[in-house]
Amino acid sequence: PVKVVEPPMKDVEVKLLAESFPKNVSGRMYMYDLQVVAKVDEKNKARATELFAERDAETRDRIRTIIASSDPKILGEPELETLRRQISYQLEQDFGKEGKDLIKDILIPKCTGRLVQQY
């Protein structure tokens, strides 16, 4: 008998957002330029893209809240592990089991803060 070997599933990236979020730290207003990408199986790319589009405003709102309430140390971690975990957890809450099954990893290729105003 001939064994049919399926090619391994390839991971692809689906952009969640790329924008700036405000954060007030001890009377200083910072803007954090943030990019968030979800890593998914190639076969799930269309569904993940659709799911993210359906909940776009909610996702942006939740991530804005995470940034605004995060300790500045978290936003300065070299690998942003805490921020990745928080975003991943929030997406699981928003998208339920389907989202948890779709998303393999959260990538944050950009998280840069800049001072915009001092009080």
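Reader: What makes the radius of gyration of the protein differ from that of a compact globule of 119 residues?

Author: In this predicted model, the protein has a radius of gyration of 17 Å, whereas a compact globule of 119 residues would have one near 14 Å. The globule value follows from a rule, 2.2 Å times the number of residues to the power 0.38, and the value of the protein does not match it. The C-alpha atoms fill a box of roughly 75 × 30 × 20 Å along the principal axes.

Reader: Why are helices α2 and α4 said to pack in contact, and which residues make the contact?

Author: Helix α2 (residues 56-69) and helix α4 (residues 81-102) have axes 10 Å apart, at an angle of about 145 degrees. Contact means heavy atoms within 4.5 Å, and the residues that make this contact are E58, T59, R62, I63, I66 and I67 of α2, together with L83, Q86, I87, Q90, L91, D94 and F95 of α4. They divide into seven nonpolar, three polar and three charged residues.

Reader: Which residues touch the most other members of the largest nonpolar core?

Author: That core has 28 residues, of which L34, L83, I87 and I106 touch the most other members. Members of such a core are buried and joined through side-chain atoms within 4.5 Å, and the elements that give two or more residues to this one include β1 (11-25), β2 (28-41), α2, α4 and β3 (103-118).

Reader: What is L34 in contact with, leaving aside its neighbours within four places in sequence?

Author: With those neighbours left aside, the contacts of L34 include L17, F21, I63, I67, L83 and I108.

Note on methods: Residues numbered from 1 in each chain as written. Predicted model: local features only at pLDDT ≥ 70, side-chain atom pairs only at ≥ 80, totals over all residues. Heavy atoms only, no water. Axes fitted to C-alpha atoms, helices over the stretch in contact; angles between N-to-C directions. Helix = DSSP H or I, 4+ residues; strand = E, 2+ residues; numbered from the N terminus. Nonpolar A, V, L, I, M, F, W, Y, C, P; charged D, E, K, R; others polar. Buried < 20%, exposed > 50% of the residue type's maximum accessible area, 1.4 Å probe, protein only.
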